[in-house]
Amino acid sequence: MKLNSANINIMVKACRKAAKILIRDFGEIENLQVSLKGPGDYVTASDKKVEKIIIDELQKARPDYSILSEEIGLINNDQSFKWIIDPIDGTSNFLHGIPHFAISIGLEQNKEIICGIVYDPIKDEMFTAEKGNGSYINNQRMRVSARSKLKDCIIFSGGPRYKSQNKELSFEEYKKFSSKVNVAIRKLGSASLDMAYVAAGRCDGFWQRDLEYWDIAAGIILIKEAGGFVTDFNGENKYVQNKTILASNSKINKEMVEVLR
Ligand code: 2AM
Ligand code: CA
């Protein structure tokens with residue numbers, strides 16, 4: 001059994017509390033699919049409820065920390081510590097009754113992510129990591145995969161969004177990867193879980209354009225502490241500024257950069 005730090009315990013507690021509402025609301029989605037109005041507004045309301053529970057819990061424990069969260073934006077307090085929250089990552093899955101979405105919380109200290117949690121409430125899988133302390137799935141240590149050739153890998157990507165300015169670029173990237181990856185390219189619909197799965201060694205690599213910071217904040221530390229690499233498409237560490245992220249085990253990063261080049 002590993003010992004959690006105080007900050008990880010706070011994040012776990014906030015996630016568990018919010019997950020109860022999330023699971024209950026997900027149970028309602030099925031009924032709403034058949035209604036004329038559809039579940040759209042209901043999901044927005046659920047997103048906001050979940051966000052409020054998480055923020056209340058985090059603020060109770062750490063009143064001074066700043067917060068950046070998908071729905072409410074920025075609460076600026078302490079300059080050195082900041083929570084980065086995505087209350088429901090994989091909202092479209094949630095909306096359609098697909099049981100694959102997560103709560104994602106990262107903690108930044110002086111612009112560096114030092115703690116991360118990604119919680120899949122339906123599968124009850126909790127991915128946590130802290131700088132210098134390793135990555136865990138439900139308290140079991142996790143490591144990235146050891147596959148060294150792209151052709152043997154499963155690679156994830158989210159593809160372009162409906163209104164993306166970079167649609168054609170994304171399709172080009174997909175074409176290039178599909179001629180190198182023999183096993184599979186998959187699109188599961190939750191960026192934070194995509195990254196958690198790279199950290200767990202279930203998937204070998206992930207590339208994606210145009211994600212927001214809250215989509216990736218927790219995933220970054222999960223992967224680094226599991227022995228993987230997080231870079232931009234050039235193999236450098238400007239993934240936040242450039243809005244391109246490439247996450248992988250330590251062996252295929254280079255080959256993935258070459259594909260994207
Ligand atoms: P979200 O569910 O929190 O919106 C889907 O490929 C992944 O990309 C999800 O993690 C999704 O996060 C994220 N994403 C962020 N902005 C998006 C958008 N405008 N449309 C679709 N997916 C988006
Ligand atoms: Ca998201």
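**Two pockets and a ligand**

Q: Which element gives the largest share of the lining of the second largest pocket?
A: In this predicted model, local features need pLDDT of at least 70, side-chain atom pairs 80 or more, while totals for chains, interfaces and linings use all residues. Residues are numbered from 1 along each chain, chains are lettered from A and ligands numbered from 1 as written, and side-chain values use heavy atoms without hydrogens or water. Five residues of this lining come from one element (helices: DSSP H or I runs of at least four residues; strands: E runs of at least two), and that element, giving the largest share, is α6.

Q: Which residues lie nearest the centre of the largest pocket?
A: A pocket is an open set of points on a 1 Å grid where a 1.4 Å probe fits, with protein on both sides within 12 Å along at least five of seven lines; lining residues have an atom within 4 Å of a point. The largest pocket is lined by 27 residues, and those nearest its centre are G90, T91, S92, R161 and G189.

Q: Which elements give two or more residues to the lining of the largest pocket?
A: α3 gives the most to this lining, with four residues. The full list of elements with two or more is β3 (81-89), α3 (91-95), α5 (191-199), β11 (205-209) and α6 (213-225).

Q: Which domains each give at least three residues to the lining of the largest pocket?
A: The domain bounds come from an automatic or database assignment. At least three lining residues are drawn from each of domain 1 (6-141) and domain 2 (150-260).

Q: Which elements give two or more residues to the lining of the second largest pocket?
A: This pocket has 14 lining residues, and K111, E112, I113, Y213 and Y239 are the closest to its centre. The elements with two or more lining residues are β5 (112-120), α6 and α7 (239-242).

Q: Which domains each give at least three residues to the lining of the second largest pocket?
A: Each of two domains supplies at least three residues here. They are domain 1 (6-141) and domain 2 (150-260).

Q: How far is an oxygen atom of ligand 1 from an N or O atom in the side chain of D89?
A: Ligand 1 has 13 residues around it (a heavy atom within 4 Å), the closest being D89, G90, T91, R161 and A191. A ligand oxygen is 3.2 Å from a polar backbone atom of I88, and one is 2.7 Å from a polar backbone atom of G90. For the side chain of D89, with polar contacts taken as N or O pairs within 3.5 Å, the distance is 2.5 Å.

Key
A polar contact is a pair of N or O atoms within 3.5 Å; within protein, one must be able to donate a hydrogen and the other to accept it, and residues adjacent in sequence count only if both atoms are side-chain atoms.
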